[in-house]
Amino acid sequence: MTMRAAPGVPSTNRSALRLITAGSDSSRRTPAAITMMLAFVVLVVSAFLGMVWSRTLLDEGAFELAELRTRIEHETIQNRLLRLEVARLENPDRVASLAEPLGLFYPDEVVHIHVPGVTPVLPGFEPPG
């Protein structure tokens, strides 16, 4: 008994299929396919190298940032030490002890000097004019 396809139903004709063996010409790759594969490999390798290069730049920036933070900490400590030194040198008792051997002392009374033609200006007041 044989079967036939009903009218209007596509036939399952398998005659378009063919067997390709390893030695046949159809199994060889065409130059266009080789070029496409080579272009794909070049694209993948260049993408990988680009990622490595960008990561290297990021790491280099991180190292510079760490070095700058270390320098900032060092300079902050140095600034604090210098402020401490300024405060020690500005101490009025230290200045007075150094001034006495030089003959400098606090006056017992304050003497104001008036220069003719010059109007004295009191703090907080502006001269008329």
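The accessible surface of this protein comes to about 13,300 Å², and carbon and sulfur atoms account for 65% of that area. The model is a predicted one. Of the 129 residues in the protein, buried residues make up 1%. In secondary structure, the protein has two helices and zero strands. Helix α1 covers residues 31-89, and the features described below are taken up with reference to this helix where possible.

Part of the carbon-rich surface can be followed residue by residue. A nonpolar patch on the surface is formed by F40, V41, L43, V44, V45, F48, L49 and V52, which together have about 770 Å² of accessible area. One of these residues, V41, has its place in helix α1. V41 has a relative accessibility of 46% and therefore counts as partly exposed, since that class lies between the limits of 20% and 50%. The value is also over the 30% required of a patch member.

Charged side chains come next. The structure holds two salt bridges. In one of them, the side chains of R55 and D59 meet at 3.5 Å, taken from N to O. This distance falls within the 4 Å cut-off, so the pair qualifies as a salt bridge. R55 and D59 are four residues apart in helix α1, which means that about one helical turn separates them. How exposed are the two partners? R55, at 52% relative accessibility, counts as exposed, because the threshold for that class is over 50%. D59 has a relative accessible area of 30% and is partly exposed.

The other salt bridge joins the side chains of E85 and R88, with an N to O distance of 2.7 Å. Which element holds this pair, and how far apart are its residues along the chain? E85 and R88 both belong to helix α1, where they are three residues apart and hence separated by about one helical turn. E85 is partly exposed, its relative accessible area being 34%. R88 likewise counts as partly exposed, at 46% relative accessibility.

Taken together, helix α1 carries the R55 and D59 pair, the E85 and R88 pair, and V41 of the nonpolar patch.

Terms used
Residues are numbered from 1 along each chain as its sequence is written. This is a predicted model: local features need pLDDT of at least 70, side-chain atom pairs count only at pLDDT 80 or more; totals for chains, interfaces and linings use all residues. Side-chain values use heavy atoms; hydrogens and water are left out. Buried means under 20% relative accessible area, exposed over 50%, partly exposed in between (1.4 Å probe, protein chains only). Patches are made of residues with over 30% relative accessible area and no salt bridge: like charges are joined within 9 Å, nonpolar side chains (Val, Leu, Ile, Met, Phe, Trp, Tyr) within 5 Å. Accessible areas come from the Shrake-Rupley method with a 1.4 Å probe; for residues, only the protein chains shown count as cover.
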